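Reader: I'd like to learn how to read a strand and a pocket in a model. Could you walk me through it?

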Amino acid sequence: MPGTSPLARRIKRHVIARPQRFFAATSPGFEAACLKELIKRLPAIDQAGITPGGVEFEGRLEDGFRANLNLHLPNRILMRISTFKSTNFRQLEKKTDHLAWELYVRPGSRPKVHVATRHCRLRHSGAIAERLTRIINERLSRFESGRHLPETAEGHADIFVRGVDDHFSVSIDSSGDLLYRRGLKEHTGKAPLRETLAAGALLMAGYDGSEPLLDPLCGTGTFSLEGALMTKRIPAGWFRDFAFKCWPSFREKRWNYIKRQAKSEIVQSQRPVIFASDIDGEACQKLEACIRKYHLADTVQVQQIDFFNLDPLELTDRTGTVCLNPPYGRRLGKKKESDAFFRAVGDKLLQAYRGWKLVLLAPGQKVAKSLPFQTQSIPVWHGGLKLRLLTGKIK
C-alpha cells in the first residue's frame, strides 16, 4: 500500500495482515449450496459454516475480495468489524466509540448505517443509526482525507448493524450493489429472474457447466447467461465493480493480480452448449445483443420458437439440464388456465426430455404433485412471490 504514514502502517497490520471474519448473505434455502460453492471456489478459507441468513467464514482480506468476484450465490459480502452485547444507548456508544473506524472507512466517505434488531431492548433502529453515524464521522474527522490512502473515488460506506437478543454485530459492506447485479444484463423483461436465484437453482440441480443447458422459456436469458459464466469459468463479478475498492485497505496491484489469476482460468467453447429460446422475438433479439456484446456467442445459441414445438434432439445429442421459469400468477390468467398450462409443461417434459435434469420455478407445491415424475422442492422468493424451486431428473 502506498505511503508509510502511521495510519497506513496500522491498516496493514490490523486489516491486511490479520484474518478477518466475513458474512455471505444468501437467499433463504441457498445457505448449504453457498457453503459448498465457497469451499470449492475459495479452498484457502477457514472456519466456514452456515449461520442464519447465510454463511460465515474466516480468511485474509483478499479472500473477501475473491468471494465477491467468484461466488454466484451471495447477495452481498460483509466484513465484521465488531460484535458486542448492549442493552442501552450508553453501552452502545461506549462499544462503538473506541472502534478504529479509520481502518475500515476512508476519511472523506459518507457512512450510511443500516440497522435491524430482533428481541433487543435497543429496538429504535433510527436512533441507533443516528448515534453510530455521529460517532463514525467524529472519529474520521481526526484524519486527513486521501493524502496517504489509495486514489479511488470517494463515496459512501454502508455499515450494517444487526441486533438479536441484545447481541450486536457491526459490519461493513464490501459489495456495493447487490451481487445479483452482474453488470452483464442491461436489457429488461417481464418478471426478470435474479441472477443469484438462477445460479442457485442451477447448482442445486447439479449443473457444473460441462453439459448441455436448455433455457426454452428464456425471457431475458438469466439462466443462459449464468450457465455461460459457469461454462466459460468467468467469475460472477467479472463485469462489475465493488465497494471494497474505496476501502483504505484496498491495494490496486493486489486486486489486479487476483483478476489476472481469474482471467487465466477463463476458457473458450468449441461450439454452443447452451440453447436459449422463447416465443417472444424481441426478447430473443435483446438476449442475442447481450451475448454478442460480452463475447458469449461461442457458448450460447438463441432462437425464436415455442417451447411446445421445440425438440431438444435437434440441438444436441446429449442429455443435460433444462431450466424453466414459466409465466405464473396474473400472466396466466385464472387458476384453471394455470393448472392446464403446467400440466402441459409436465407432459412435454416427459415426452421430450427423458433423462434430463430439471430446474422449474412453479407457483406452488400443487404443481410438483401434478408433474408426471418426482421432484425435490424448496420454497424461494421471487418478485415478492413465494414460489417453489423444483429440481430432479425427468424419468
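Reader: Which way do the residues of strand 11 point, and are they buried or exposed?

Author: Happy to help, and keep in mind that this is a predicted model. In strand 11, residues 321–324, Thr321 and Cys323 point one way. Val322 and Leu324 point the other way, and all are buried, meaning under 20% relative accessible area.

Reader: Which strand runs parallel to strand 11 and is joined to it by 2 bridges?

Author: That is strand 8, residues 213–215. To find the register there, look at Leu213, which stands opposite Thr321 of strand 11.

Reader: And how many bridges pair strand 11 with strand 12?

Author: There are 4 bridges, in the parallel sense, with strand 12 covering residues 357–362. Here Thr321 stands opposite Lys357. Thr321 thus appears in both pairings, opposite Leu213 in strand 8 and opposite Lys357 in strand 12.

Reader: Now the pocket, please. How does one look for empty space?

Author: Rolling a probe the size of a water molecule over the atoms shows where empty space is left. In this model, the largest pocket holds about 810 Å³ of space.

Reader: Which residues are closest to the centre of the largest pocket?

Author: Lys40, Arg41, His72, Met230 and Arg233, out of 27 lining residues. Helices 2, 3, 6, 7 and 8 each give two or more residues to the lining.

Reader: Which element gives the largest share of that lining?

Author: Helix 2, with 6 residues.

Reader: How many lining residues are nonpolar, polar and charged?

Author: The lining has 13 nonpolar, 6 polar and 8 charged residues.

Key: Residues numbered from 1 in each chain as written. Predicted model: local features only at pLDDT ≥ 70, side-chain atom pairs only at ≥ 80, totals over all residues. Heavy atoms only, no water. 1 Å grid on protein atoms, 1.4 Å probe; cavity = no way out; pocket = protein on both sides within 12 Å on 5 of 7 lines; lining within 4 Å. Points joined across faces, edges and corners; volume = space filled by probe spheres on them. Nonpolar A, V, L, I, M, F, W, Y, C, P; charged D, E, K, R; others polar. Buried < 20%, exposed > 50% of the residue type's maximum accessible area, 1.4 Å probe, protein only. Pairing = 2+ DSSP bridges.
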